[in-house]
Structure formats: structure tokens, C-alpha cells
Amino acid sequence: FNQFSSFAKETMQTTFLQHGITILLLTVWCLITMGVGRLCLSSTAIRFTSRGEGLFLSAGTGLIITGYAVFLLGVTGSLDPSGIGLLLISLALISVAGWLRPIRTAPEAPHGSSVWELWALLLLGILLLAGFVLTLTPEIGRDALIYHLAAPKLYLFHHGFYFIPGNAFAGYPLLGEMHYLLALFLQNDILAKAMNYALLCGTLFGMGLFARHVLQNQHFPSLSMLIFVSIPSVFAISHAAYNDLFVTFFTLAAIYSFFRWSEDRLTAWLLIFGLFSGSAAACKYTALLATPLGCLGILWLAKRSGNGARETLRRLALYVAAALIAGSPFYLKNWIVTGNPFYPFFYGLFGGKGWEPDQARLYDLLIQNLGMGRTLLDYLLLPWNLSFRAKMDSLEFDGILGPIFLLALPFLAALRRWETPLRMTLTYTLLTFLFWASSAQQIRYLIPLFPLLALVVGAILTRYQSRKNIFGLLLCIVAGSLAFNGYHIAREFIKIDPLRVAVGLESRDHFLSRTLPTYTMYRFVNQALPSDARIFLIYMKNYTFLCDRDCYADAMFEAHTLQKILREEAFPDRVRNRLKAAGFTHLLYDERYLLGEPSPLSVEEKQLFLAFQNSHLRNVRQQGSYRLYSLI
């Protein structure tokens, strides 16, 4: 018992030391990005309404500059220790200069908090603490292991950008992942998760600014923040190295900058608006709509103010130019590397390296099957289905939203007057929602709208605050929705059980083994196979981040390459020759999905594969339905 107690104490101390280093690195990253952005903004004519506004926009500007600094290293093939080390030193020096430069701010008016706000702050603190504990655990997020971390890991290994065979997701715009690359350079994947968590906190900070300076009589900013964080899909990605919160942060910053530009019409605000709009698109294709909607906003303000056509065109040109500067580099990189700026989409128009018509057709079909149908009745029922019938890890929206917006937003109909910022915010969310409904109906892609809608709910509560009966009903709706969301969050927390690994009482290997069934096979590959091995992964979830050996996996439709070989060859020897020619030394697959009932292989293809397996493969390891073979 004493030996075990001593060992536990030692592992806990080591774990807390590692967490301390992670928090220190996260703090340095935050200071560097804000300092770099502060230096840029200090040279403009902007007078910020508060120090908080300056910090929020400095952070956003610094994220863009830092991300593209890493991007330039990737383009030039300089993602090596000397190149990244020199970059970090340069950014640190620039940030020091930024923190030494003053930025102009106006006096900040004091603001009080109601009892409801104090309760909201308490619950928000509990949720943020739970999310932070989950952040301190090893990465288990599906998309993070497939490409958010896997692609930067390979770029880092190869010292620059290159075409990653099989991983179509690596062709997505990856501005947020450039920051994760820095975390992986420091050999700290938990730091990447902590960066994402910092983006959540930055978004909450921006929501407070939005409530105070845009929706100026919104009395429930903390409650709006609580509503946003309590959405199960938001909470689920808050502790994973995804890029949705980068998009959310940039989108909120863009809309905030638009409203600030609409007040004083400074060109600097218009350029910042464009930079943030383009940066959102540099993180995710779904944010491409932000720039056209920004143009509509500029046109609407021009009509309302009676601006001439020449002045309006000048403003549109400046805005679009800024958005293109911030958003286009990743699209140009894709065009050069894959031949398709929107890889792997629009295959019929652009084509794309390593992508085939069958894959493009199946991918489009998969996107159309997300949600709960595309008939007229399905669209009419979409708000209800989103709020009450959505499921995590399912084609049925792949997430959980909860009923808060469905139940609270209808109270807008009884308001006689909607302020201009409220009307424009609702118009933006409605148009974006309609675009989302016609494309990939995945709740995660709606997350950039949730801070805005949560702020609208706070505005509704503010308008009805003097009408006690309706205000009480609204509070009951909010409380019930929070309870609904809290139930799903608690289930996720209990399922992951992060406390033991977070404090060092559970090892990283044990945690990953119990949360990721495929992990033990990946660990065996890393430990037992030679460094020059090349593994063909089939139905292993494409968690290539976990594999330290050269490997190939189809990004989706995981048997596509193997099935193509089995269709084109008639004999086991020829199948073996095809795999050898591709450089494979081993096959790792899940027998349930390759040969079992869910298998896409025909009877003839299964028979050919089994004949090939019997004559040309040697069993190395098996665990459950997982099989690792070496090519003879």
C-alpha cells in the first residue's frame, strides 16, 4: 500500500507539472497573439470603447497573423525546428512591442448585475470548470484524430505542406490548425485542446462586449453566455482540438466590427470586418457565406444612409479585398496541391488529386443524408427535429442543440419594435440557417450562430423584464432548457470520466484504451513494427494521428481503395502485387466491417480477399475483431 501510495503521489506530481507547463505555454500563446494584434491595431485611427474591446480584437488580429506566419513556413518548406523556433522568437519580440504600445480607449461606464446574472455566472463557472478538466485529458475527438491534429502532425514531420494521400479532409482550409501545429511542435497535444478552450473563453468575452456595446440595453450577457456553453454540441467541442470555435470567434468578431463600422464609418473598422470575414472562411468552407452576407449588410446601410454609388462601391471593394487577403491563401494552396481550390467539393468542375467520381458522388449523397430528410414536411419540422430529436454521433444532425431557441425566439413576434442591430443579427442568422438547411445538416456547422442567438434570447428577456408573468415564463423556459442540456452534458462527462487521468491517477494509455477501442492496436503498431513499415488501414476509424508509422487510410468509405483493387484483379497474387507496389508492408483492419454483415464487399470480393489473406498474409496480432497482418 505504501509503495502504491508513493507511486500515485509521484505520478500525480508529474501530471500536475505537465499541466502547469501546458497552462504556461497557453498563457504565452495568448500573450503573443494578443500582443501581435495589439501592435497592428495601435497603428490605426480606431478609438476603442473599452480595454476589453481592444483585447478581443487584438486577440482576433493576432490569431490571423500568427496562423499565417506558420502558413508561410509550410509553403516554403520551413516547418523544421530552426524555422519554427525563429518564428516563435520573432513573434514574441513583436508581441512585446505590441504590449508596450498604447491603444486608444474611451472611458468605460460601470455596469451592474442582477441576481439572475449572478446565478448564471455561478453555473457558467461550473460548466467552464468541467470543460477545463476535460481539456486536460488526451485527445479522443474523432475529427481531431482524423485531420485537425493528424494533418498538422504530418506537415510538421515533412517540414511543409504536401498532398496527404487518402485524407481528403487535409484539403480543407486549416488556419486554426496552424496554431495546433505549434502545439504539436512543442509535443503537447493537450496544448492544442487548451488553445481551442481559450477560443471558447474568447467567444464568451466577445459576447459580453456585443451585449454591452451593440445590444446596448441587453441586461443578461452572462445568461446568454451560459446558454451558449450549455448547448451540448458546443460543450462537446470545447474540450477537443476542432476548428469550429475558431470560425465562431472570427464570425462574432466580424459582425461586431460591422456594427462598430456602422456607427462611425471609419475605414479601419471596414477593413477589420473584411479580415475577420475572410479568416472565418480560412478555417471552414461553411463560413464562405459570411463575405456575401457582409456585402449585403454594406449595401443595406448604404441605402439607409443615402450613400452614392461610387462611395458604396469603394467600400464594397475594400471589404471584399480584405476578405480575399485573409481567406484566399488556403484556397490557393489547395488549388496548387490538389488542383481544386474547394477540395474535395465541386469535383465535377475542378476535379481533384486523389479523388474519384465515385467518391465524390458518395460524399454528396452522404451530405444529403445528414439530418432527418429533405422533403417539404422535413423542412417544416426541421426546427422541432433539431431541438428535440437530434443525436450525437449520428446521421440525425450529429449533435444536440436543445429546445432553448425553439421555445424562446417566438416571443420576438410580440415585440413592437426591434432595434436595428437586433434586426440585422436576426437576418444574418436566418439567411445562414437557410443556407445550412440546404447543405450539410450537421449541428456543429451551426455553432457560429449560437452566440448570436443566445444574445437574442438575452435581449428578449430584457424586453419582457417589466412584464412579470411573461418574464417568469421565459425564465422557466430557460431553466428547463438548461436542465435538458445539462443532462446530456453530465452524461458525456460521466462517460469520459476525466478526473482520474486529469490528476494523474490513470495513465494516458489506459485512458485512451478504454475510450478508443482501436487505440491498443495503434499502440502495438507504434511499439512493435519497424520504423520503415507502411500500414494499410481499413475500417480503423482513420485515427491516423495515433499512428507513428507511415500509414494510408481512405478518408471516408474506408474500403474504397481495397474494393477497387479487388474489382480490378482476379487472382490473389495480383492483389498482393498491387499492395506491394504501393509500398505496404502490413494491413490493419476491423474484420466486422470488412468481412462481416456491414461490409460493402460483394461475395466474390470477399472470397478473393480471403484467398489473398490465406496465401499472402501472416498474422501478427489480433484483438477482438481487429486484425494486423504482414505481407509475405
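In this predicted model, Asn188 is in contact with Thr22, Leu25 and Ala183, once its neighbours within four places in sequence are left aside. Asn188 is found in the loop between α7 and α8, and, with a relative accessible area of 11%, Asn188 is buried, since residues under 20% are counted as such.

The helices on either side of this loop, α7 (175-185) and α8 (189-213), also take part in the lining of the second largest pocket, to which α1 (2-42), α6 (150-157), α24 (508-515) and α25 (519-528) likewise supply at least two residues each. The volume of this pocket is about 1,000 Å³, and among the 36 residues that line the pocket, Pro138, Gln187, Asp189, Ile190 and Arg508 lie nearest its centre. Helix α1 gives the most to this lining, with ten residues. When the lining of the second largest pocket is divided by class, 17 residues are nonpolar, twelve are polar and seven are charged.

Enclosed space was examined as well, and four cavities of 30 Å³ or more were counted. The largest cavity holds about 200 Å³ of space and is lined by 16 residues, with Thr286, Ala287, Thr432, Tyr445 and Pro448 nearest its centre. Two or more residues of this lining come from each of α11 (244-264) and α20 (420-437), and α20 gives the most, with four residues. The lining of the largest cavity comprises twelve nonpolar and four polar residues, with no charged residue.

The second largest cavity has a volume of about 80 Å³, and of its 13 lining residues the closest to the centre are Tyr155, Tyr162, Ala170, Gly171 and Val337. Helix α14 (residues 309-338) provides the largest share of this lining, four residues, while by class the lining of the second largest cavity divides into eight nonpolar, four polar and one charged.

Elsewhere in the chain, five strands form an open sheet in the order β2-β1-β3-β5-β4, with mixed pairing. Strands β2 (550-553) and β4 (617-623) stand at the edges and have a single partner strand each, so that one side of each is left without a neighbour in the sheet. From one strand to the next, the twist averages 20°. The edge strand β4 runs antiparallel to β5 (residues 626-631), to which six bridges join β4, and Gln623 stands opposite Tyr626 in β5. Helix α29 (residues 603-616) lies across β3 (586-590), β4 and β5, and runs at about 100° to β4.

How values were computed. Residues are numbered from 1 along each chain as its sequence is written. This is a predicted model: local features need pLDDT of at least 70, side-chain atom pairs count only at pLDDT 80 or more; totals for chains, interfaces and linings use all residues. Side-chain values use heavy atoms; hydrogens and water are left out. Two strands pair if DSSP finds at least two bridges between them. Axes are lines fitted to C-alpha atoms, for helices over the stretch in contact, and angles run from 0 to 180 degrees between N-to-C directions. Contact means heavy atoms within 4.5 Å. On a 1 Å grid over the protein atoms alone, a cavity is a set of points where a 1.4 Å probe fits but cannot get out, and a pocket is an open set with protein on both sides within 12 Å along at least five of seven lines; lining residues have an atom within 4 Å of a point. Grid points are joined across faces, edges and corners, and a volume is the space filled by probe spheres set on the points. Ala, Val, Leu, Ile, Met, Phe, Trp, Tyr, Cys and Pro count as nonpolar, Asp, Glu, Lys and Arg as charged, and the others, Gly among them, as polar. Buried means under 20% relative accessible area, exposed over 50%, partly exposed in between (1.4 Å probe, protein chains only).
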